[in-house]
Amino acid sequence: MKILKLTLEGLPHFNGILDIDFIAKQRVNEDDKEQLYNVFSKVYINQVIAFVGINASGKTTILKVISFVMKMLKNESINNSQSKEVLSDLENNQKVIITSYFCDNEFVNKLQTVIGKEINTVDNSEKFIILDESLWSKKISKIKTKKSLFEFKDSDLKQKRNQDEQYLMNDISIIIAINKKNNMSFFVCDMLSWTDHNMINVLGQFPKELLIFLDPSIEYLQCHMKEKKFDIRLKFYGKNEVIINSPHMLANYLSSGTIKGLGVFMNACFAFIEGGYLIIDEIENHFNREIVATLIRFFMDSKVNKNGATLVFSTHYSELLDEFDRNDSIYIVRNKNGITAKNLSTILNRNDIKKSEVYDSNYLGGTVPVYEAYMALKKVLMSVE
């Protein structure tokens with residue numbers, strides 16, 4: 001399964017509709033094809049999608065929304081989702097409408113899911129339920145233009161949620177039946193929970209090439225579970241092997257950048273193999289710029305990323321935007337009367353302008369702290385004695 005587009009309406013704390021395109025919106029030239037994945041015909045997917053904005057603009061919330069929808073499409077109960085907090089301030093009479101566009105080898109699909117809140121009158125507990133849901137499908141062979149990709153007719157309606165169906169729980173999408181029937185799924189690695197907790201999260205023997213890239217002094221590193229206990233073996237060149245029984249203890253031997261790098265690059269490998277999705281919040285945390293740039297370049301390199309895996313990340317660092325040749329893989333996030341995410345291609349037509357300079361100049365508006373706030377803070381710091 002490849003996700004083509006997500007739109008969400010009625011989300012708490014958002015201003016209007018959140019619209020995230022995974023496909024390349026701009027014209028695709030011959031030179032662009034090396035860093036895009038061709039799904040079918042003239043439809044290409046951006047293999048890196050960046051959300052950039054100032055502090056508290058809503059970048060993390062948007063990543064949680066994307067993760068929430070992806071997990072729902074992978075048959076996960078919406079009440080068991082780690083990212084369900086994006087719905088937590090939903091009022092009893094409010095609804096969130098999620099429209100997901102995705103494709104498999106033969107069909108392009110549109111799934112519309114309406115979510116609301118239900119309150120248990122006995123204990124006053126709350127849970128989220130799917131109120132209504134419909135699925136449209138059309139054959140890829142019938143799509144003649146890129147413009148018609150997201151246009152569906154009434155005759156394309158294939159399935160509608162039937163509340164009388166007792167076998168389907170009210171917090172699981174009807175996509176579960178389609179996924180089982182067509183043996184359809186996709187890989188998603190959500191690293192949002194690791195943003196503030198830098199700890200190794202992958203088991204096995206780490207490739208020597210990765211260890212050398214992150215820290216040339218490491219000879220080998222193995223991490224296994226034995227009888228529900230960690231068995232970590234670390235050896236530096238010219239030193240004795242160190243045996244550790246807790247991932248937390250690795251911080252005494254390895255830098256924070258090395259620890260994060262091990263998890264990020266290993267999960268990137270899994271994404272490359274499966275052609276899946278890797279979601280990282282504040283990608284620059286613990287990393288120097290070149291390591292982050294290397295990760296982005298790997299995802300954009302069709303020789304490395306053969307199956308169309310997608311890196312979805314947030315950042316404060318405008319310099320990372322200069323790794324992108326295209327504008328349609330960048331979203332500018334702002335929070336003014338609610339969170340918005342605007343695709344850079346709708347603001348900036350030219351791809352050849354240095355993106356970091358445009359961002360830092362505040363030409364886009366709302367991308368740097370306001371001057372008044374800066375001056376007020378400066379005055380307070382000057383007054384401290």
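Helices here are DSSP runs of H or I with at least four residues, strands are DSSP runs of E with at least two, and both are numbered from the N terminus. With that in hand, you can place S67: it is found in helix α1.

Before going further, some ground rules. This is a predicted model, where local features need pLDDT of at least 70 and side-chain atom pairs count only at pLDDT 80 or more, while totals for chains, interfaces and linings use all residues. Residues are numbered from 1 along each chain as its sequence is written, and side-chain values use heavy atoms, with hydrogens and water left out.

**The whole chain**

The chain has seven helices and 18 strands. Of its 385 residues, 51% are buried; buried means under 20% relative accessible area, exposed means over 50%, and partly exposed is in between (1.4 Å probe, protein chains only). The accessible surface comes to about 19,700 Å², and 49% of that belongs to carbon and sulfur atoms. These areas come from the Shrake-Rupley method with a 1.4 Å probe, and for residues only the protein chains shown count as cover.

Now for contacts, meaning heavy atoms within 4.5 Å. Take the contacts between residues at least 6 apart in sequence: 62% of them join residues at least 24 apart.

**The six-stranded sheet**

Two strands pair if DSSP finds at least two bridges between them. One open sheet has six strands in the order β10-β15-β16-β5-β17-β18, with mixed pairing. β10 (188–190) and β18 (339–343) stand at the edges with a single partner strand each, so one side of each has no neighbour in the sheet. From one strand to the next, the twist averages 15 degrees.

Here are three of the pairings in that sheet:

| Strands | Direction | Bridges | A facing pair |
|---|---|---|---|
| β15 (residues 277–280) and β16 (residues 310–315) | parallel | four bridges | I280 and F313 |
| β5 and β16 | parallel | five bridges | A50 and F313 |
| β5 and β17 (residues 330–335) | parallel | three bridges | V52 and I332 |

How many of the five residues of β5 are buried? Five of the five are, so β5 is largely enclosed by the rest of the structure. V48, A50 and V52 point one way from β5, while I49 and F51 point the other way. That fits a general pattern: in a regular strand the side chains alternate between the two faces of the sheet.

Helix α5 (residues 289–300) lies across β5 (48–52), β15 and β16, and runs at about 150 degrees to β16. For angles like this, axes are lines fitted to C-alpha atoms, for helices over the stretch in contact, and the angle runs from 0 to 180 degrees between N-to-C directions.

**The four-stranded sheet**

Another open sheet has four strands in the order β11-β12-β13-β14, and its pairing is antiparallel. Its edge strands are β11 (204–205) and β14 (242–244), each pairing on one side only. Two bridges link β11 to β12 (residues 218–226) in the antiparallel sense, and G204 has C223 in β12 as its bridge partner.

**Helix α1, home of S67**

From its first C-alpha to its last, α1 reaches 22 Å with its 15 residues, close to the 21 Å expected at 1.5 Å a residue. That expected span is 1.5 Å times one less than the number of residues. The helix is mostly covered, with 12 of its 15 residues buried; among them are I62, L63, I66, F68 and M70.

S67 counts as buried because its relative accessibility is 1%. Leaving out residues up to four places away in sequence, S67 touches S83, D190, L192 and I279. Just after α1, N75 takes a positive phi of about 80 degrees.

**Helix α2, with two sides**

Which residues of helix α2 (residues 175–182) are buried? They are I175, I176, I178 and N179. These cover an arc of only 165 degrees around the axis, which puts them on the same side of α2; the arc is that of the directions from the helix axis to the C-beta atoms. On the other side of α2, K180 and K181 are exposed.

What covers the buried residues of α2 includes α1 (59–73), β6 (96–103), β7 (107–119), β8 (126–139) and β9 (157–160). After α2 comes N183, with a positive phi near 50 degrees.
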